[in-house]
Amino acid sequence: MSLKPFDIEVDAPGDELMEIARRELRETPEMRAQAVEELRALLREAKDMHFSEEEAFLLIFLRPCHFYAESALKMMRRIAEFKKTNHPLLHALKPEEEKLAFVEHNVVNVLTNRDQKGRRVLLVNCGAAWDPKAVSSEQLFRVFFLIHLVAQLEPATQINGVVVVLDFDGLSLKQVKALSPSFSKRLITFIQDAMPLRLKEVHILKQPYIFNMVWALFKPFIREKLKSRIFFHGNDLSKFHQYISVDRLPADYGGNLPAIDYTGKDWYPCVASHIDHINKYQRCGFVEPSKE
């Protein structure tokens, strides 16, 4: 099936991708079937939580947990806890609520192509391109949350993982003030505990000296596993190219591909078209206590 540039890839993984899944995630047809049934049984025992038991949905949690059902259940519980803690921010979140942030402000974008390892690449413009008065840090998080919900649907992304590029070009006090301690803690907690995607690398680019103030806010919340996957490049893009091939990067980042001529506006219809999955995910979490 021919995909448009702003479509996601929901087809079943082919042989090459399944070989990666076997090698890195222990995935075989037998292991997949066994883990799905184990997780279904664990969910039925967990009376305080509700998650869809459809196989495709359960794979979202099993793949990043290498098909250990108990680990997947623990991740689901962390997700439920995160949603409960951030209920005012995330409750009933729909794409149309953040449409303006998508279509009018170039803060969050996704490369139309994958990198050389088949990973999705998320771009976040954290510097001068971001006006916190137009898009608050809470809105920025909500956009990021919606994008991650759609990325979950791609088997290739479930298996290969994602890369995040944070571009701090032109960072000033205006943006630093918006990146509050509460936002920092929420974002890092989400990434480490409540995001069912394999985050392989985080690249920080073009950060000025003032970035040290931002890093001081985030650093206390970052555990060793995530810290080992964060790379600081400044303006030395040659270091960045050691991780992502220039043949898979746009000219904006010293790559051989054309400069980026699209924004979140182009991706928004794709996000909005998967409202069924967004709604299904939003219904997951802790069961509301009986009011009898």
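**Pocket, core and cysteines in a predicted model**

Modeller: In this predicted model, the lining of the largest pocket takes at least two residues each from α4 (69-85), α10 (181-193), β5 (199-205) and α12 (224-227), where helices (H or I, at least four residues) and strands (E, at least two) are DSSP runs numbered from the N terminus. Residues are numbered from 1 along each chain as its sequence is written. Local features need pLDDT of at least 70, side-chain atom pairs count only at pLDDT 80 or more, totals for chains, interfaces and linings use all residues, and side-chain values use heavy atoms, with hydrogens and water left out.

Biologist: Why is Cys126 called buried?

Modeller: Buried means under 20% relative accessible area, exposed over 50% and partly exposed in between (1.4 Å probe, protein chains only), and Cys126 has 9% relative accessibility, so Cys126 counts as buried. Cys270, with a relative accessible area of 8%, is buried as well.

Biologist: How do you know that Cys270 is too far from the closest cysteine sulfur for a bond?

Modeller: A disulfide is a pair of cysteine sulfur atoms within 2.5 Å, whereas the closest cysteine sulfur to that of Cys270, in Cys284, is 20 Å away, and therefore too far for a bond. The structure holds zero disulfides.

Biologist: What makes the largest nonpolar core lie between domain 1 and domain 2?

Modeller: This core, a set of buried Ala, Val, Leu, Ile, Met, Phe, Trp, Tyr and Cys residues joined through side-chain atoms within 4.5 Å, has 100 residues. Domain 1 (15-92 + 275-286) and domain 2 (95-272), whose bounds come from an automatic or database domain assignment, both give residues to this core, so the core lies between them.
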